[in-house]
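This report is meant for a reader who is meeting the structure for the first time. Please look over the sequence and the model before reading on.

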Amino acid sequence: MREALAAAADAAAAGDVPVGAVVIHDGAVLTRASNRTVRDQDSTAHAELLSIREASRLLGRWRLDDCTLVVTLEPCAMCAGAIVLSRLGRLVFGAWDDKAGMAGSVGDVVRHPRLNHRPEVVGGVLAEECGAVLAEFFREKR
């Protein structure tokens with residue numbers, strides 16, 4: 001999670017919402033990404049998607065069942081869908097998102113019983129620290 005927090009700091013420094021994500025494979029960080037929606041003017045450039053895409057490219061496959069995604073904020077619907085579709089084995093996230101979170105807060109796409117894949121989910125890891133990064137970013141914007 002510390003590596004994901006460092007990626008979130010990169011996003012904040014660039015004016016993007018400070019969310020960071022890493023994909024872990026074989027016990028090591030394989031990819032690291034931060035939100036790039038503002039920098040790239042791309043609504044799909046969330047940290048999770050960027051990290052998942054890069055992991056698939058590096059591993060040469062779309063199935064990431066032996067990987068863990070670690071992200072500083074509970075994934076939105078788009079990212080939760082990508083987590084399921086990429087067959088990630090595990091999702092670990094920091095702050096809960098009571099406005100858009102789809103891993104237990106608003107809904108639970110990643111563990112929906114009708115879907116054919118449901119990753120292990122661990123939420124609330126360093127939640128206060130992850131949430132504080134976001135709160136500070138938005139406090140400065142207002």
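In which strand is Leu-69 found? Leu-69 is found in strand E3, and the model in which it is placed there is a predicted one. With a relative accessible area of 0%, Leu-69 is buried, and its C-alpha atom is separated by 6.9 Å from that of Ala-21, although the two residues are 48 residues apart along the chain.

**The strands around Ala-21**

Strand E3 covers residues 67-73, and it pairs with E1 in the antiparallel sense over five bridges. Within this pairing, Ala-21 stands opposite Val-71 in E3. Strand E1, made up of residues 20-25, is mostly covered, since five of its six residues are buried. E1 is also joined to strand E2, residues 28-34, by six bridges, and these two strands likewise run antiparallel. Ala-21 has a bridge partner in E2 as well, namely Ala-33. In the hairpin formed by E1 and E2 there are two residues between the strands, and Asp-26 takes a positive phi near 55° there. As a general point, the side chains of a regular strand alternate between the two faces of the sheet.

**Two cysteines without a bond**

How many disulfides does the count come to? The count comes to zero. The sulfur of Cys-76 has its closest cysteine sulfur in Cys-79, at 3.8 Å, which is too far for a bond, because a disulfide requires the two sulfur atoms to lie within 2.5 Å. Cys-79 is accordingly in no disulfide, with the sulfur of Cys-76 as its nearest cysteine sulfur. Cys-76 counts as buried at 19% relative accessibility, because the limit for buried is under 20%, while Cys-79 counts as buried at 0%.

**Aromatic pairs**

A pair of aromatic rings is described by how far apart the centres are and by the angle of the planes. The count for this model comes to two aromatic pairs, and they are set out below.

| Aromatic pair | Centre to centre | Angle between planes | Arrangement |
|---|---|---|---|
| Phe-93 and Trp-96 | 4.8 Å | 85° | edge-to-face |
| Phe-137 and Phe-138 | 5.1 Å | 80° | edge-to-face |

In the pair of Phe-93 and Trp-96, Phe-93 is buried with a relative accessible area of 0%, whereas Trp-96 counts as partly exposed at 46% relative accessibility. In the pair of Phe-137 and Phe-138, Phe-137 is buried with a relative accessible area of 9%, whereas Phe-138 counts as partly exposed at 30% relative accessibility.

**The largest pocket**

Rolling a probe the size of a water molecule over the atoms shows where empty space is left. About 560 Å³ of space lies in the largest pocket of this model. Which residues lie nearest the centre of the largest pocket? They are Val-17, Leu-73, Asp-97, Leu-134 and Phe-138, and they belong to a lining of 21 residues. By class, this lining has 11 nonpolar, four polar and six charged residues. Helix H5, which covers residues 127-141, gives the most to the lining of the largest pocket, with four residues. Phe-138 thus appears in two parts of this account, as one of the residues nearest the centre of the pocket and as the ring paired edge-to-face with Phe-137.

How values were computed. Residues are numbered from 1 along each chain as its sequence is written. This is a predicted model: local features need pLDDT of at least 70, side-chain atom pairs count only at pLDDT 80 or more; totals for chains, interfaces and linings use all residues. Side-chain values use heavy atoms; hydrogens and water are left out. Buried means under 20% relative accessible area, exposed over 50%, partly exposed in between (1.4 Å probe, protein chains only). Rings of Phe, Tyr and Trp (its six-membered ring) pair if their centres lie within 6.5 Å; planes under 30 degrees apart count as stacked, over 60 as edge-to-face and the rest as tilted. On a 1 Å grid over the protein atoms alone, a cavity is a set of points where a 1.4 Å probe fits but cannot get out, and a pocket is an open set with protein on both sides within 12 Å along at least five of seven lines; lining residues have an atom within 4 Å of a point. Grid points are joined across faces, edges and corners, and a volume is the space filled by probe spheres set on the points. Ala, Val, Leu, Ile, Met, Phe, Trp, Tyr, Cys and Pro count as nonpolar, Asp, Glu, Lys and Arg as charged, and the others, Gly among them, as polar. Two strands pair if DSSP finds at least two bridges between them.
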